[in-house]
Amino acid sequence: MPDFMKLVVSEAKRVGLTVMSISPAKKTQKEYYFEYPVEVRFHGVFAQVYSFMTRLASLQRIVRVEKFEMRPVSTASSRFVELEGSLEMKTFSYVGSSADKVGKDS
């Protein structure tokens, strides 16, 4: 999980998005995988948010955005409208199953 959090922060930095906080929640075990929920609070302009989301979509691991909120914090007459927001996302890791053992034995 620390590696994933570093990855999220570095991807945000690459597009100029400011990460105000990043908070992991308790992981959940499913039948074949673990779910790792993370909440990220950010500050930036729309183009930075868009680029950040695009970069998340192209990562080597699965990242699913569960909830996404943003609101303007600057005036509409400013050159760029600054946004603050948060997103809840999950990443996953494979646990394995008894089927994996069957495949290795044959």
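## Two residues of strand β3 and the protein around them

Val40 is found in strand β3. The model shown here is predicted. Phe34 lies in strand β3 as well, and this strand covers residues 33-45. The report starts with these two residues and then turns to the whole chain.

**Val40**

Is Val40 buried or exposed? Val40 has 1% relative accessibility. Buried means under 20% relative accessible area, so Val40 counts as buried.

Which residues does Val40 touch? Leave out residues up to four places away in sequence. Val40 then touches Val8, Val19, Ser21, Ile22, Gly85, Ser86, Leu87 and Met89.

**Phe34**

Phe34 has a relative accessible area of 19%. The cut-off for buried is under 20%, so Phe34 is buried too.

Phe34 has its own list of contacts, again not counting residues up to four places away in sequence. Phe34 touches Lys27, Thr28 and Gln29. Phe34 also touches Thr91, Phe92, Ser93 and Val95.

**Distances in sequence and space**

Each residue can be paired with another one in the chain. The table gives both separations, with the distance in space taken from C-alpha to C-alpha.

| Pair | Apart in sequence | Apart in space, C-alpha to C-alpha |
|---|---|---|
| Val40 and Lys6 | 34 residues | 12 Å |
| Phe34 and Met89 | 55 residues | 13 Å |

Met89 appears twice in this account. Met89 is among the residues that Val40 touches. Met89 is also the partner of Phe34 in the table, 13 Å away from C-alpha to C-alpha.

**The whole protein**

How many helices and strands does the protein have? It has 3 helices and 5 strands. From the N terminus on, the order is α-β-β-β-α-β-β-α.

Now the overall form. The C-alpha trace spans about 65 × 25 × 20 Å along its principal axes. The radius of gyration of the protein is 17 Å. A compact globule of 106 residues would have a value near 13 Å.

What share of the 106 residues is buried? Buried residues make up 29%. Val40 counts as buried, and Phe34 is buried.

Contacts across the sequence come next. Take the contacts with a separation of 6 or more. Residues 24 or more positions apart account for 62% of them.

**Surface and charge**

The accessible surface of the protein comes to about 7,200 Å². Carbon and sulfur atoms hold 53% of that surface.

The protein has 16 positive and 12 negative charges. The mean positions of the two sets are 3 Å apart.

Definitions and conventions:
Residues numbered from 1 in each chain as written. Predicted model: local features only at pLDDT ≥ 70, side-chain atom pairs only at ≥ 80, totals over all residues. Heavy atoms only, no water. Helix = DSSP H or I, 4+ residues; strand = E, 2+ residues; numbered from the N terminus. Buried < 20%, exposed > 50% of the residue type's maximum accessible area, 1.4 Å probe, protein only. Contact = heavy atoms within 4.5 Å. Rg over C-alpha atoms; globule rule 2.2 N^0.38 Å. Areas by Shrake-Rupley, 256 points an atom, 1.4 Å probe, with all protein chains shown as cover. Lys, Arg positive; Asp, Glu negative; His and termini not counted. Charge placed at Lys NZ, Arg CZ, Asp CG, Glu CD.
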